[in-house]
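Me: Got a minute to go through a model with me? I'd like to start with the pockets.

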Amino acid sequence: MTDDADADFRALMEKITRDRGFRCLSYKDKCLRRRVGVRMRAKGTDSYREYAGILDTDQQEYDRLHRVLTINVTKFFRNRDAYAVLEQRVIPQLWDRSGTKLRVWSAGCATGEEAYSVAILMHAHARAAGALDRLDHVSIVGTDIDGHVVADAKSGLYPDGALGDTPDRLRADYFPAVGGLRAMLPEVKRMVTFQCADLLQAPPPFERAELILCRNVIIYFERDAQEALFREFHRVLAPGGFLVLGKVETLLGEIRSLFSPVNARERIFRKL
């Protein structure tokens with residue numbers, strides 16, 4: 001890439017940050033270039049400067065670019081092995097804690113499947129324990145930077161394809177069919193709320209959480225942004241609280257001394 005093209009790319013990133021509040025320069029450069037390139041080819045240009053001009057006059061294209069940049073790929077019980085560890089080891093430990101509140105943060109929740117998946121496991125555990133009344137004290141919040149996907153998450157309606165990794169025993173109990181879609185069981189849906197928030201800027205939904213899931217999000221950030229987020233997660237987590245990352249993500253540098261592995265293969269850690 002020429003120096004001029006590189007400067008034009010940086011100018012485009014700064015423009016998006018100003019216009020949309022999306023902190024592009026905290027994300028990995030290679031990822032941004034690839035995703036912006038998809039939209040540029042769709043608009044028939046290979047010039048960052050020309051594409052910036054297109055964004056000035058085409059708000060629908062700006063919306064499409066924003067959705068591409070915010071990376072919304074998920075499904076229920078994605079990576080089932082991680083959810084098996086949550087079900088068998090993490091949730092029972094959280095459930096047995098003293099106190100009345102159990103707070104869960106799904107950070108970078110996209111269309112909400114992760115937050116609802118944890119809610120389903122909580123509900124199933126409470127039902128098996130004969131303690132459904134305790135669910136009134138469970139608070140699960142999903143946050144994402146993209147307002148469009150947050151709106152989808154709030155609806156609680158999903159196509160069958162979103163359930164591809166869902167265990168059969170849970171699919172039958174928790175996903176009634178509604179008009180050709182699958183709806184979240186109302187008892188589960190009311191356990192979860194969603195907020196539009198930027199992980200790099202907005203305050204967390206809780207000042208204290210027992211479980212934080214941030215899977216397949218950190219990988220897209222530059223090192224400084226990753227370290228800042230890990231320190232914030234550690235601050236927010238209650239003593240002995242759990243942090244769940246994506247399969248290709250891990251703790252960095254000095255941050256590793258702040259957590260102990262619960263299941264290193266599934267990237268599940270506990271605050272020290």
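Me: What volume does the second largest pocket have?
Reply: About 240 Å³, on a predicted model where local features need pLDDT of at least 70, side-chain atom pairs count only at pLDDT 80 or more, and totals for chains, interfaces and linings use all residues. Residues are numbered from 1 along each chain as its sequence is written, and side-chain values use heavy atoms, with hydrogens and water left out.

Me: Which residues are closest to its centre?
Reply: Leu199, Leu200, Gln201, Ala202 and Leu229, out of 17 that line the second largest pocket. Lining residues have an atom within 4 Å of a point on a 1 Å grid over the protein atoms alone; a pocket is an open set of points where a 1.4 Å probe fits, with protein on both sides within 12 Å along at least five of seven lines. The volume is the space filled by probe spheres set on the points, which are joined across faces, edges and corners.

Me: And which helix gives the most to the lining?
Reply: Helix α10 (residues 223–236), with four residues. Helices here are DSSP runs of H or I, at least four residues, and strands are E runs of at least two, numbered from the N terminus.

Me: New topic: where is Cys109 found?
Reply: In the loop between β1 (102–107) and α6 (113–128).

Me: Buried or exposed?
Reply: Cys109 is buried, with a relative accessible area of 1% (buried means under 20%, exposed over 50%, partly exposed in between, with a 1.4 Å probe and protein chains only).

Me: What does Cys109 touch?
Reply: Gly142, Thr143, Asp144 and Phe194, leaving out residues up to four places away in sequence; contact means heavy atoms within 4.5 Å.
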